[in-house]
Amino acid sequence: MPIRYFKCRKPFQINAHPYELGNILGLKKGYDDNHFLLKLYSIDHSDFKSYYSFHLEYFSNRNPSTREKIFFSHVWSIVNVRIGYFETKDPFSAKHPRYVSNIQKLKEFRDFLSNYDYNNMLPQGELIKKKDSIIAELNRKLEQRDRRLKKLEEYEVSLKIMIQDDHLPTLIDLIHQIKELTLPRSSRKLLKSDYDSPYYKLISKYFSHQGKDIPINTARNYFVQKSAKDATKGSKVPEDKKLFSIIPRMIKD
C-alpha cells in the first residue's frame, strides 16, 4: 500500500480545513503532490510552518512508526523537482510570470524547510552546503568583529587621566558647564547632543578617581534629569566642589 503523505479533502465535504487538498469533488488518486504545491502557491510565508505541520500530523498519525525524516525528505524532493521543472520552461512563454512567481514561492518554502531542519533531515549534500554556509557566515561576522575591535583599540589608553583628591564632582560640574556654553553672535550651543550618555561615558572611560576606575553608573548619576522635589534620584554636585566657572571671552564686533 503506497504511503499517503498529505491530507486530502473528502468528496462533497462542506467544512473542509483550508489546508486539505483537492476540491468539492475530492482529489484524483496520485495527484496529491501536485495539489500540495498548488495550495502552497497561495499560502503566505508566515503560514508555512502551520501548513507543513498540518500535513506532518496527518502523516504521523497514519504512520506512527515512521520518522518525520521520511515526510520531510518527500516534501523536500517534490519542491526541488518542481523548481527544476519550472526553470526549464520557455522564458518567453505567456505563462512565464506565473512560472517566476511559483519558483519564488517554492524557493521561499525550501528556505523555510532548510531553517526548520533542526534534526539534520536534509540530504547529505544539502547538509554540507548548509553547514558550509553557516561557517562562512560565522567567519564573516568574526572578521567584522575583529575589524571593529581593532578600530576600538585605537581609542584605548594605557593610563587614564587621574582626578586629584575627591574632586570627581568638580570635573562633573565643569562638564555640565561645557554642555551649556553658547557661541558668540549665533547663541547656538557649542556642543550638541540629544543624550547625556557621551558625557558620562567619556568620564568613565578616560578618567580615574582616587586610584580607581569610575563606574559608569556613578558618572551617569550626575546626569540624571530630575525635578527639584525628587531627591532620591541621581547625584548632585555639592556647592563646595564647584570651584571653577567657565566665562566666555568678550569678542569685539
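Two strands count as paired if DSSP finds at least two bridges between them. The model treated here is predicted.

**Exercise 1. The sheet**

Task: State the strand order of the open sheet and how its strands pair. Then work out which strands stand at the edges.

Solution:
1. The open sheet has three strands, in the order 1-2-3. Its pairing is mixed.
2. Strand 1 (161–163) and strand 3 (212–213) each have a single partner strand, so both stand at the edges. One side of each therefore has no neighbour in the sheet.
3. Strand 2 covers residues 207–209 and runs parallel to strand 1. Three bridges join these two strands.
4. Within this pairing, isoleucine 163 has histidine 209 of strand 2 as its bridge partner.
5. A helix also packs on the sheet: helix 7 (residues 197–206) touches strand 1 and strand 2. The directions of helix 7 and strand 2 make an angle of about 70°.

**Exercise 2. A helix pair**

Task: Find how helix 1 and helix 2 cross, and which residues meet between them.

Solution:
1. Take the axes of helix 1 (residues 32–40) and helix 2 (residues 48–62). They come within 12 Å and cross at roughly 160°.
2. Angles over 145 degrees count as roughly antiparallel. Helix 1 is therefore roughly antiparallel to helix 2.
3. The crossing of helix 1 and helix 2 is right-handed.
4. From helix 1, the residues in contact are His35, Phe36, Lys39 and Leu40. From helix 2 come Phe48, Tyr51 and His55.
5. Sort the contact of helix 1 with helix 2 by class: four residues are nonpolar, two polar and one charged.

Notes. Residues are numbered from 1 along each chain as its sequence is written. This is a predicted model: local features need pLDDT of at least 70, side-chain atom pairs count only at pLDDT 80 or more; totals for chains, interfaces and linings use all residues. Side-chain values use heavy atoms; hydrogens and water are left out. Helices (H or I, at least four residues) and strands (E, at least two) are DSSP runs, numbered from the N terminus. Contact means heavy atoms within 4.5 Å. Axes are lines fitted to C-alpha atoms, for helices over the stretch in contact, and angles run from 0 to 180 degrees between N-to-C directions. Angles under 35 degrees count as roughly parallel, over 145 as roughly antiparallel, 65 to 115 as roughly perpendicular and the rest as oblique. A crossing is left-handed if the near helix is turned anticlockwise from the far one by less than a right angle, and right-handed if clockwise. Ala, Val, Leu, Ile, Met, Phe, Trp, Tyr, Cys and Pro count as nonpolar, Asp, Glu, Lys and Arg as charged, and the others, Gly among them, as polar.
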